[in-house]
Structure formats: C-alpha cells, structure tokens
Amino acid sequence: MSLKGFRKKEKRTKKQLSDLTGISMRTIDDYETGKRDINGAKLSTLLKLCKALSCRLEDILTDEETLDLLQEVERPQ
C-alpha cells in the first residue's frame with residue numbers, strides 16, 4: 001500500500017498528518033504524488049510517518065534494494 005493508502009486507511013487528511021508529524025503538507029503531497037522520492041527521505045521523517053500511520057517502513061518504501069537490506073537487518077544471522 002502507498003503512503004496515501006495508509007493515510008486514507010487511518011482516515012487522516014494531509015493536514016492532520018502534517019500536524020502529527022511536523023512534516024509540511026507540501027512534502028507529504030510530494031511523496032504521495034511522486035514529485036519527491038519517499039525512498040530518499042531521512043530516516044527520522046520515515047519513522048514519523050510510520051508512527052502516525054501505524055505502519056512499518058517496508059509498508060511505505062518502494063525501493064527494492066532498500067527493502068532487501070531492511071529484511072536483512074531485521075533477520076540477524
């Protein structure tokens with residue numbers, strides 16, 4: 001599911017998400033529309049979004065390499 005999908009699932013507007021996270025509405029809109037690549041966001045930004053939307057990093061990231069690395073980190077050897 002996309003960032004927008006999780007936001008809608010949580011019944012939050014962009015304004016509400018912005019207020020909860022401290023991330024500007026424009027930035028949230030840019031992530032949702034693809035004008036800005038969410039995979040390039042700072043980790044703190046991603047974690048704020050995940051916390052506000054009750055989701056995991058892998059739920060909103062789309063970059064396969066990043067997702068693979070995240071799985072490796074979560075499965076210590």
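So, α2 passes α3 in a right-handed crossing. Keep in mind as we go that this is a predicted model. The two helices, α2 and α3, pack at an angle of about 115°, and their axes are 9 Å apart. Who makes that contact? On the α2 side we have K14, K15, L17, S18 and T21, and on the α3 side M25, I28, D29 and E32. Sort the residues of this α2 and α3 contact by type and you get three nonpolar, two polar and four charged.

Okay, now let's stay on α2 and look at its other partner, α4. Here the angle is about 120°, with the axes of α2 and α4 9 Å apart. The crossing of α2 and α4 is right-handed. From α2, the residues taking part are L17, L20 and T21, and they meet K48, L49, A52 and L53 in α4. The mix for the contact of α2 with α4 is five nonpolar, one polar and one charged.

Let's look at α2 on its own for a moment. The helix covers residues 14-21, and which of its residues are buried? Those are L17, S18 and T21. Looking down the axis of α2, the buried residues fall within an arc of 100°, so they line one face of the helix. As a general reminder, an α-helix has 3.6 residues a turn, so residues three or four places apart point the same way. Turned away from the buried side of α2 is a face that carries the exposed residues D19 and L20. What do the buried residues of α2 pack against? They pack against α1, which is 3-9, α3, which is 25-33, and α4, which is 43-53. And just after α2 you'll find G22, which takes a positive phi of about 80°.

Right, over to α4. Its buried residues are T45, L46, L49, C50, A52 and L53. Seen down the axis of α4, these fall within an arc of 170°, so here too the buried residues line one face of the helix. L43 and K51 sit on the other side of α4, and they are exposed. The buried residues of α4 pack against α1, α2, α3 and also α5, residues 57-60. After α4 comes S54, and its phi is positive, near 55°.

That takes us to the core. How many residues are in the largest nonpolar core? There are 19, and those with the most contacts inside it are L3, I38, L46, L49 and I60. The elements giving two or more residues to this core are α1, α3, α4, α5 and α6, the last being 64-74. Which element gives the most? That's α4, with five residues. In general, nonpolar side chains in soluble globular proteins tend to be buried together.

If you want one residue to click on, try I60. Leaving out residues up to four places away in sequence, I60 touches L3, F6, I38, L46, L49, C50 and C55.

One last stop, back on α3, where we find D30. Is D30 buried or exposed? It has a relative accessible area of 12%, and the cut-off for buried is under 20%, so D30 counts as buried. Not counting residues up to four places away in sequence, D30 touches K35 and R36.

How values were computed
Residues are numbered from 1 along each chain as its sequence is written. This is a predicted model: local features need pLDDT of at least 70, side-chain atom pairs count only at pLDDT 80 or more; totals for chains, interfaces and linings use all residues. Side-chain values use heavy atoms; hydrogens and water are left out. Buried means under 20% relative accessible area, exposed over 50%, partly exposed in between (1.4 Å probe, protein chains only). Helices (H or I, at least four residues) and strands (E, at least two) are DSSP runs, numbered from the N terminus. The arc is that of the directions from the helix axis to the C-beta atoms. Contact means heavy atoms within 4.5 Å. Axes are lines fitted to C-alpha atoms, for helices over the stretch in contact, and angles run from 0 to 180 degrees between N-to-C directions. A crossing is left-handed if the near helix is turned anticlockwise from the far one by less than a right angle, and right-handed if clockwise. Ala, Val, Leu, Ile, Met, Phe, Trp, Tyr, Cys and Pro count as nonpolar, Asp, Glu, Lys and Arg as charged, and the others, Gly among them, as polar. A nonpolar core is a set of buried Ala, Val, Leu, Ile, Met, Phe, Trp, Tyr and Cys residues joined through side-chain atoms within 4.5 Å.
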